[in-house]
Amino acid sequence: MIDNQKGYTMELITVSKTQIGHQEVSGVNARDIHIFVESNQQFADWIKSRLDDLYAVENQDYLIHKIMNNPNGGRPTIEYIVTLDIAKHLSMMERNEKGKQARQYFIECEKQLNKPLTFEEMAKQTILLADQRYRDWET
């Protein structure tokens with residue numbers, strides 16, 4: 001399923017619209033990449049070293065989200081949401097088949113997200129938006 005407005009999930013890793021800094025970007029949870037590429041490192045060590053190697057900038061290339069209410073108890077869970085560009089780099093840095101597959105997947109996601117809408121898609125979105133505004137107005 002592809003949805004140019006809210007992101008989409010194909011078959012590998014979820015890509016969704018998110019706010020990083022003052023921009024709306026396509027974002028990916030780095031933990032999902034870590035799992036997919038089958039890294040043997042602990043996630044925290046892996047992501048910190050990879051972001052350092054890339055000279056990635058917090059609130060520009062990624063954001064950190066702390067989940068304080070960890071359902072398993074213990075310390076808060078820290079999630080890293082990275083831009084699609086950083087996701088491609090993280091995948092490529094693994095130098096294995098899964099990393100290559102993830103990188104190709106992110107390239108395809110980027111193509112789909114940047115693809116211009118057809119007239120039919122624009123019309124459909126306009127109708128859906130008008131319908132939503134009408135429902136909002138009724139309530």
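**Reading a Predicted Fold: A Tutorial**

User: Which residue in strand 3 stands opposite T18?

Analyst: T18 stands opposite V25 in strand 3. The model under discussion is a predicted one. A facing pair of this kind is best read together with the strands that hold it. Strand 2 covers residues 15-20 and strand 3 covers residues 23-29; the two run antiparallel and are joined by 5 bridges.

User: How should one picture the side chains along such a strand?

Analyst: As a general idea, side chains in a regular strand alternate between the two faces of the sheet. With that in mind, one may follow the pairing from strand to strand.

User: How many bridges link strand 3 to strand 5, and what stands opposite G27 in strand 5?

Analyst: Strand 3 pairs with strand 5 in the antiparallel sense, over 3 bridges. Opposite G27 stands T83 of strand 5. Strand 5 also pairs with strand 4, again antiparallel, and here there are 6 bridges. Within that pairing, I64 has Y80 of strand 5 as its bridge partner.

User: Is strand 5 largely enclosed or largely open?

Analyst: Strand 5 spans residues 77-83, and 5 of its 7 residues are buried, so the strand is largely enclosed by the rest of the structure.

User: Where do these strands fall in the overall order of elements?

Analyst: The protein chain contains 5 helices and 5 strands. Read from the N terminus, the order is β-β-β-α-α-β-β-α-α-α. The C-alpha atoms fill a box of roughly 50 × 35 × 25 Å along the principal axes. Of the contacts with a separation of 6 or more, 54% involve residues 24 or more positions apart.

User: What share of the residues counts as buried, and what does the accessible surface come to?

Analyst: The chain has 139 residues, of which 34% count as buried. The accessible surface is about 9600 Å², and carbon and sulfur atoms make up 50% of it. As for charge, there are 17 positive and 21 negative side chains, with the centres of the two sets 2 Å apart.

User: How is a buried residue to be read? Which residues does S91 touch beyond its sequence neighbours?

Analyst: One begins with the accessibility and then turns to the surroundings. S91 is found in helix 3, residues 84-93. It counts as buried because its relative accessible area is 0%, and the cut-off is under 20%. Beyond residues up to four places away in sequence, S91 touches I33, G99, K100, A102, R103 and F106. A polar atom of the S91 side chain also lies 2.9 Å from the backbone oxygen of A87.

User: Is H34 buried or exposed?

Analyst: H34, in helix 1, is buried because its relative accessibility is 10%. Apart from neighbours within four places, H34 is in contact with S39, Q41, Q42, F43 and W46.

User: What is there to learn from a positive phi? Which residue in the hairpin of strand 2 and strand 3 takes one?

Analyst: Most residues other than glycine have a negative phi. In the hairpin of strand 2 and strand 3, with 2 residues between the strands, G21 takes a positive phi near 65°. E38 is not a glycine, yet has a positive phi of about 60°. Y55, likewise not a glycine, has a positive phi of about 55°.

User: Where do E38 and Y55 lie?

Analyst: E38 lies in the loop between helix 1 (30-36) and helix 2 (43-53). Y55 is found in the loop between helix 2 and strand 4 (62-67). E38 counts as exposed because its relative accessible area is 54%, and Y55 because its relative accessibility is 72%.

User: Which residues does K98 contact beyond its sequence neighbours?

Analyst: Leaving aside neighbours within four places, K98 is in contact with F36, V37 and E38. K98 belongs to helix 4, residues 97-114, and is partly exposed, with a relative accessible area of 26%.

User: How does separation along the chain appear in space? What distance separates the C-alpha atoms of K98 and S16?

Analyst: The two kinds of separation should be read side by side. K98 and S16 are 82 residues apart along the chain, and their C-alpha atoms are separated by 21 Å. A44 and A130 are 86 residues apart in sequence, with 44 Å between their C-alpha atoms. A44 itself lies in helix 2 and is partly exposed, at 38% relative accessible area.

Terms used
Residues are numbered from 1 along each chain as its sequence is written. This is a predicted model: local features need pLDDT of at least 70, side-chain atom pairs count only at pLDDT 80 or more; totals for chains, interfaces and linings use all residues. Side-chain values use heavy atoms; hydrogens and water are left out. Helices (H or I, at least four residues) and strands (E, at least two) are DSSP runs, numbered from the N terminus. Buried means under 20% relative accessible area, exposed over 50%, partly exposed in between (1.4 Å probe, protein chains only). Contact means heavy atoms within 4.5 Å. Accessible areas come from the Shrake-Rupley method with a 1.4 Å probe; for residues, only the protein chains shown count as cover. Lys and Arg count as positive and Asp and Glu as negative; His and the chain ends are not counted. The place of a charge is taken as NZ of Lys, CZ of Arg, CG of Asp or CD of Glu. A polar contact is a pair of N or O atoms within 3.5 Å; within protein, one must be able to donate a hydrogen and the other to accept it, and residues adjacent in sequence count only if both atoms are side-chain atoms. Two strands pair if DSSP finds at least two bridges between them.
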